[in-house]
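Visitor: Please pick one part of this model for a close look, and then walk me outward from there into the rest of the chain. I would like to hear the details as one connected account.

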Amino acid sequence: MSIRKQNVKRSVYRNGANIGNLSALIFMFALLILWQLGAMKVDAAYILPTPVQILQKLWELREPLFTVHLPATMLVTGIGLLISLGLGLLLAVVMDASPIMQKCIYPVVVASQTIPTTAIAPLFVLWFGYGIWSKVLVTVLITFFPITITVYDGFRAAKIEMSELLMTYGATKRDIFFKIKVPCALPYFFSAVKMAIPMSIIGAAIGEWLGAQSGLGYFSRRMMTQLDGAGVFAPIVLLSAVAMLAVPLAGILPESDFAVRTYLPQTQARIGTSSAWTGQVDYLSETADERQQADGQMVDTQGVNGQAHVSMQVP
């Protein structure tokens, strides 16, 4: 595909995205109007406050919310998300590398999501106190699961035929992992990050709700004891706004130059473009030739290379 065609497709995609964003804003505005009318009909702010009342409460409480509680929640979210990414990637790599480990780890990963968070979070508070790490553990418990399963599925989606072909050219397991499985798993990883961001925010809020001294979850619970409906909704709305801003930022990752260079060849190979993989096959062939030269067993691979260019035509 030429560069011009790629640029045209990107411009069409961006125009469609702009129209979609406008439609989303109109839809959200319509929901807010319905919410406002319904809350005015109920006329009980401690049960269902109006959006206007929530915005007023946000403005009144802007200093403690934005200077104390929001940073505390974002700190827990950031640490929990980073630990979840590392743990999820590690478990996915281990399960992909060893079928025995996959059979041992996979049921434990699934079982971890059957534990009610509201039941185990107080235990974390009992073990680690009201500090940051009890909330971080709750965040990790909720967040690492989609990362582990999604990335593992990405590794398993790599085509076995390509791995076998590169093995015939002397490719090691490390070569196959970085040149086939990693590019194939990158789109899955980006999707996992998009799922993990809001889930990490939810995990941090749940941990703060069940036991904390600061944070938006703690603040919302405190407002509930005062029957302040707008005060309960204010930190929730703030959390939702942060999540809606963070997820589109994570969507920039797949469009980065590194991501395009890494997994675009895999995408082209799926649709039958062999040229994207020709350089990698040639590289591995040269590596195998160098090894054979070092051992004094150099063989002529010109004919084999010619066949490889034909065999890379993926149906």
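Guide: Let us settle one term before we begin: a residue is called buried when its relative accessible area is under 20%, exposed when it is over 50%, and partly exposed in between. Please also keep in mind that this is a predicted model.

The part I have picked is the loop between helix H1 (3-42) and helix H2 (51-60), which is where alanine 44 is found. Alanine 44 has a relative accessibility of 12%, and because the limit for buried is 20%, alanine 44 counts as buried. If we set aside its neighbours within four places in sequence, the residues in contact with alanine 44 are Ala39 and Pro49. There is also a long-range relation to look at: glycine 229 is 185 residues away from alanine 44 in sequence, yet their C-alpha atoms are 8.9 Å apart in space.

Now step back by one residue. Aspartate 43 also has its place in the loop between H1 and H2. Its relative accessible area is 66%, so aspartate 43 is exposed, whereas alanine 44 is buried. The backbone deserves a glance here too. Most residues other than glycine have a negative phi. Aspartate 43, which is not a glycine, has a positive phi of about 55 degrees.

A second loop residue makes a nice companion to aspartate 43. Leucine 227 is found in the loop between helix H9 (216-225) and helix H10 (229-250). Its phi is near 55 degrees, again a positive value in a residue other than glycine. With a relative accessible area of 64%, leucine 227 is exposed.

From the loops we can move into the helices, starting with threonine 73. This residue is found in helix H3 (residues 62-97), and it is buried, with a relative accessible area of 0%. What does the side chain of threonine 73 join through a polar contact? The partner is the side chain of glutamate 208, and the contact is 2.9 Å. Glutamate 208 also appears among the contacts of threonine 73 beyond four places in sequence, together with Ala204, Gly215, Leu216 and Leu239.

Helix H8 gives us another buried position, alanine 192. Its relative accessibility is 0%, so alanine 192 counts as buried. Apart from residues up to four places away in sequence, alanine 192 touches Pro146, Ile147 and Thr150. Alanine 192 can also be placed relative to phenylalanine 145: the two are 47 residues apart in sequence, and 9.4 Å separates them from C-alpha to C-alpha.

Helix H8 (residues 173-210) also holds phenylalanine 177, and this brings us to the aromatic rings. The structure holds six aromatic pairs. One of them joins phenylalanine 155 and phenylalanine 177, with 5.4 Å from centre to centre and 45 degrees between the planes. Why does that pair count as tilted? Planes under 30 degrees apart would be stacked and planes over 60 edge-to-face, so an angle of 45 degrees falls in the tilted class. Phenylalanine 155 lies in helix H6 (residues 132-156), and the pair links distant parts of the chain, 22 residues apart. Both partners are buried by the same cut-off: phenylalanine 155 has a relative accessible area of 6%, and phenylalanine 177 has 19%, under the 20% limit. Together with Phe178, Phe155 and Phe177 form one aromatic cluster.

One more ring is worth a stop. The charged end of arginine 62 sits over the ring of tryptophan 59, at 4.0 Å from its centre.

What about the cysteines? Cysteine 184 is buried, with a relative accessible area of 1%, whereas cysteine 104 is partly exposed, at 47%. The structure holds zero disulfides.

Finally, here is the setting for all these details. The protein has 13 helices and zero strands. Of its 315 residues, 41% are buried. Among contacts with a separation of 6 or more, 74% come from residues 24 or more positions apart. The protein exposes about 18300 Å², and carbon and sulfur atoms supply 67% of that area.

Key. Residues numbered from 1 in each chain as written. Predicted model: local features only at pLDDT ≥ 70, side-chain atom pairs only at ≥ 80, totals over all residues. Heavy atoms only, no water. Helix = DSSP H or I, 4+ residues; strand = E, 2+ residues; numbered from the N terminus. Buried < 20%, exposed > 50% of the residue type's maximum accessible area, 1.4 Å probe, protein only. Polar contact = N/O pair within 3.5 Å; in protein donor to acceptor, adjacent residues only side chain to side chain. Contact = heavy atoms within 4.5 Å. Disulfide = S-S within 2.5 Å. Phe/Tyr/Trp six-rings, centres within 6.5 Å; stacked < 30°, edge-to-face > 60°. Lys NZ or Arg CZ within 6 Å of the ring centre and 35° of its normal. Areas by Shrake-Rupley, 256 points an atom, 1.4 Å probe, with all protein chains shown as cover.
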